[in-house]
Amino acid sequence: MTELWAPGVSSGSREPFNDHSEIVEITPAERDLGEMTLRFFRTNIQRAPLWSIDFKNRMTVINRPLRGERRVQLPYERSDSTSYPQLRLEALEQEEISPYLVRDLLYKKDTEDFLPDFTRHSKALFRNLWGITRAYDQWGYEEGQHSDVLEIILESQGYSRDELFSRYFDNLSQTWELPFTTPRQITAYAAFQEGSTQPSYQAAAERADKEDAPVTAELLRLIGRDEGYHWASYIGFLRIFFGADPEGTIGDTIHVARQFRMPAINLIPEHAKGFVNAMRLGTYTPDMETEAIYSTLVSFGFIGKKLARQTADEHRDLILATTSLRNHLPGNLNPTPAR
Ligand SMILES: [Fe+2]
Ligand SMILES: [Fe+2]
């Protein structure tokens with residue numbers, strides 16, 4: 001456990017404080033990649049948050065027009081204090097979603113709540129890669145809001161804040177450690193992860209729509225939109241790695257694609273039940289993940305479609321062979337009743 005403060009500091013040494021430091025070698029390759037990733041970050045990724053949550057006034061703060069045909073429809077409301085229509089969080093109180101969707105959102109929140117470990121590792125791993133470390137600051141802010149939104153939705157469905165906070169701390173009492181070891185592998189991993197997360201939120205939003213919960217659905221779409229943006233960011237970063245070392249980058253990318261699993265899935269309470277539930281709801285299926293792997297591989301632009309298909313299929317075979325998912329494939333499950 002970390003000591004939060006030391007007693008009696010004032011009675012200690014009178015010596016002046018000195019910084020503690022260690023020498024770190026920054027290689028020429030890291031300088032090059034650092035500069036290239038920084039340029040990419042500044043011109044393609046850096047942004048003011050697309051949206052945030054105003055807890056005090058119980059509303060979203062959407063900062064620019066949302067593209068897409070649904071944006072002008074309800075449940076968005078004109079707001080006096082901002083330029084764009086907003087979602088009122090009180091409206092969630094009128095929505096009742098099914099226990100299946102509630103469980104799925106809880107499962108998603110558990111995953112998002114490993115954020116301190118995701119950022120802790122990324123900061124250490126990408127310390128010398130300037131642009132990626134800058135991107136992680138922005139990423140961490142956006143990801144933190146995903147958990148906030150899920151908390152707000154779950155509260156509207158009867159969970160108490162105490163219950164959710166204590167679940168958060170229980171979750172945090174174990175760490176998530178990196179599934180791969182190098183910055184390049186983790187960049188590829190992050191692209192596959194974001195590419196798998198986006199359709200999962202999209203599917204959850206569609207389910208919320210079917211359950212007549214439009215505000216819940218729109219909040220989930222806001223999260224999904226971020227995940228799609230993150231996906232594109234990591235694709236851009238991996239292309240920079242490819243420019244520096246094509247052969248090595250292809251090798252790492254294929255390796256990570258084959259081995260890919262979503263982060264922290266085995267650390268989440270009752271994860272097997274969470275998986276079965278998500279497959280019944282359609283918010284996760286092995287096919288969805290396989291297609292995310294395939295389209296991410298193709299989107300990198302340096303892997304041909306044939307190799308991408310073969311790799312995505314190998315990934316699917318591997319997860320089905322090494323987990324109990326095979327027993328829970330959609331054909332073996334009764335779908336959840338749509339309401
Ligand atoms: Fe997220
Ligand atoms: Fe994300």
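These legends describe close-up views of a predicted model.

**View 1. The β1–β2 hairpin.** Strands β1 (residues 51-54) and β2 run antiparallel and are joined by four bridges. Together they form a hairpin, with four residues between the strands. Within that turn, R58 has a positive phi of about 50°. Across the pair, S52 stands opposite V61 of β2.

**View 2. The two faces of β2.** In a regular strand, side chains alternate between the two faces of the sheet. The side chains of β2 alternate too. T60 and I62 point to one face and are buried. M59 and V61 point to the other face and are not buried.

**View 3. E90 in the loop after β2.** The loop between β2 (59-62) and α2 (99-112) holds E90. Is E90 buried or exposed? E90 is exposed, because just 11 other C-beta atoms lie within 10 Å, and a count of 12 or fewer defines that class. N57 is 33 residues away from E90 along the chain. The C-alpha atoms of E90 and N57 are separated by 9.8 Å.

**View 4. Helix α2 and its surroundings.** Helix α2 has 14 residues. From first C-alpha to last, α2 reaches 20 Å, close to the 20 Å expected at 1.5 Å a residue. The helix is mostly covered, with ten of its 14 residues buried. Among the buried residues are L101, L105, L106 and Y107. Charged side chains are also on that list, including D104, K108, K109, D110 and E112. Which helices do the buried residues of α2 pack against? They pack against α3 (115-125), α4 (130-156), α5 (161-172), α6 (183-210) and α9 (271-281).

**View 5. The largest nonpolar core.** This core has 37 residues. L105, I153, A204, A208, L219 and L220 touch the most other members. Two or more residues each come from α2, α4, α6, α7 and α9. Helix α7 gives the largest share, six residues. Leaving aside residues up to four places away in sequence, L105 touches L150, I153, L154 and A204. Another core, of 35 residues, lies apart from this one. Its members include I186, F237, F242 and Y294.

**View 6. Two loop residues with positive phi.** Most residues other than glycine have a negative phi. D212 and A264 are shown here for their positive values. D212 lies in the loop between α6 and α7 (214-244). Its phi is near 55°. D212 is partly exposed, because 13 other C-beta atoms lie within 10 Å. A264 sits in the loop between α8 (246-259) and α9. The phi of A264 is near 65°. A264 is buried, because 21 other C-beta atoms lie within 10 Å; the cut-off for a buried residue is 20 or more.

**View 7. Helix α8 packed on helix α11.** Two packed helices are described by the angle and the distance between their axes. For α8 and α11 (residues 305-322), the angle is about 35°. Their axes are 7 Å apart. On the α8 side, I254, A257 and R258 make the contact. On the α11 side, T311, A312, E314, H315 and L318 make the contact. What classes of residue meet here? The contact has four nonpolar, two polar and two charged residues.

Conventions:
Residues numbered from 1 in each chain as written. Chains lettered and ligands numbered in written order. Predicted model: local features only at pLDDT ≥ 70, side-chain atom pairs only at ≥ 80, totals over all residues. Expected span 1.5 Å × (residues − 1). Contact = placed C-beta atoms within 7 Å. Axes fitted to C-alpha atoms, helices over the stretch in contact; angles between N-to-C directions. Pairing = 2+ DSSP bridges. Core = buried A, V, L, I, M, F, W, Y, C linked by C-beta atoms within 7 Å.
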